[in-house]
Amino acid sequence: MDQLLHEIFGWLGYLQRGAVVAQLLLVALPVTAAVVLGRNRRTPLALRRWLRPAAVAVIALVSGLLAGSGHPWRFSLTLGMLYLGWQGLNLLHLVLRPLVRGELLHLLESRLLRPGFLVLAALGVIRQLDSVQDLAIIPVGQWFGIPLDLGKLARSVLIIYLVAVGSAVPAQGLAWFLQRALALSDGSRRALGLMLRYLTVAIGLLWVANHLGFNATAIVAIAGGLSVGLGFGIKEVFSNFISGLWLLLEGSVRPGEVLFVDGDPCEVRSLGLRAAVLWRDRDNAELVIPNQTFFTTTTTTYTGSDRLRRSQVLVGAAYRHDPAEVVALLGHTAREVEGVLASPPPRGLVLSYGDSSIQYALRFWIANPMDNVSICSAVNTAVWQAFRQQGIEIPFPQRVQYSISGPPDELGQAELGDAGPG
């Protein structure tokens, strides 16, 4: 570790040289000007598009002039090319946008492309300051009796990052390919992508353990430490992880499923290591529910075998209307509403005889459980309009209030006196 700190302090001394400071300013000034002018709304839009390429051109031109005059120039040119490459990722985004859907493209950029470019940029800068091969053999300590150098540690961290964070995009891409080849459902595709990611993480961790040189004794020691940790602090985390794997294999809770939670239909967005994320439509909220909750509570699903859902609306009609005509009108009205399935056909039913009206139910089927509220609203509106056109009354209870003057006791005695023998 002391050797690594010595190398870093050596870089700081190198960066303080006059020629290096001049090259840093050569890069910083055009880039800063391009960023400031690009964010200024008064700058014409046509000029904003050329500011960043112009900054790179200025850096390259001045670096060429310095090279011709015998002054140092490689550091400034390297930084300029890195800046150009970073801006080139925006062009790559435009190329990939028609091919990759929005969420997957965001993950690809934020977790793979841009972090990968930053790693390559760091290696490029280090090559200007020092030798990467010499840095790789610097010892940084021991882990379970195994000596580690900087290169081995950096490769292990990179592999762990790739398998833990960057594996999501390749796993989803492979799951998408298998969905097209095997005609899988969207829920099965998402579950398959998650299981492929878990498998990739497991293989990556085994590779890192082998790369670091762990033996059986070290693995047993780590397992013993994990067992103690499970007993004291992370028992719930481990339980949720196993529950998530079991739910994926069982298929009862998968991404894309619609579950009934606290009286609202919610769509499962993702099933993670610890919890499932559900989306509630009525207020655009996301619910984070621990995986083991699905093993201890009863959960209603609308997408276990299919996505069809039977829904209904209730309405009352006056006694003077023929129930057969009302039932027929309800079924005909529902068939005209967008979103109501023609098969199974909508049905009107007589439920009960109330105090002021006959209670009817209109039952119908919809294809997407998440659209239940909006379709029920449309059906209710259509029923009201149909009843109005056909002159069918929707009665409501009416109450008559009588006013009484005087205390109740005096009123009662007066009535008894009037009713006495005459």
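Colleague: Which phi value does G391 take just after helix 14?
Modeller: This is a predicted model, where local features need pLDDT of at least 70, side-chain atom pairs count only at pLDDT 80 or more, and totals for chains, interfaces and linings use all residues. Residues are numbered from 1 along each chain as its sequence is written, and side-chain values use heavy atoms, leaving out hydrogens and water. Helices (DSSP runs of H or I, at least four residues) and strands (E, at least two) are numbered from the N terminus. G391 follows helix 14 with a positive phi, about 75°.

Colleague: Nice. How far apart are the end C-alpha atoms of helix 14?
Modeller: The expected span of a helix is 1.5 Å times one less than its number of residues. Helix 14 has 19 residues, 372-390, so it should span 27 Å. The model agrees, with its end C-alpha atoms apart by 27 Å.

Colleague: What arc do the buried residues of helix 14 cover around the axis?
Modeller: The buried ones (under 20% relative accessible area with a 1.4 Å probe, protein chains only; exposed is over 50%, partly exposed in between) are N372, I375, C376, V379, A382, V383, A386 and F387. They sit on the same side of helix 14, because their arc (from the directions between helix axis and C-beta atoms) is only 135°.

Colleague: And which residues are exposed on the other side of helix 14?
Modeller: The buried residues are covered by elements including strand 8 (309-317), helix 13 (323-335) and strand 10 (358-366), where contact means heavy atoms within 4.5 Å. The exposed residues on the other side of helix 14 are V373, R388 and Q389.

Colleague: Let's turn to helix 8. Within what arc do its buried residues fall?
Modeller: Helix 8, residues 168-182, reaches 21 Å from its first C-alpha to its last. Its buried residues are A168, V169, A171, A175 and Q179. Seen down the axis, they line one face of helix 8, because they fall within an arc of 160°.

Colleague: Which helix gives the most to the lining of the second largest pocket?
Modeller: A pocket is an open set of points on a 1 Å grid over the protein atoms alone, where a 1.4 Å probe fits, with protein on both sides within 12 Å along at least five of seven lines; lining residues have an atom within 4 Å of a point. This one has 13 lining residues, with L123, I126, V132, L150 and A154 nearest its centre. Helix 5 (102-129), helix 6 (132-136) and helix 7 (150-166) each give two or more. With five residues, the most comes from helix 7.
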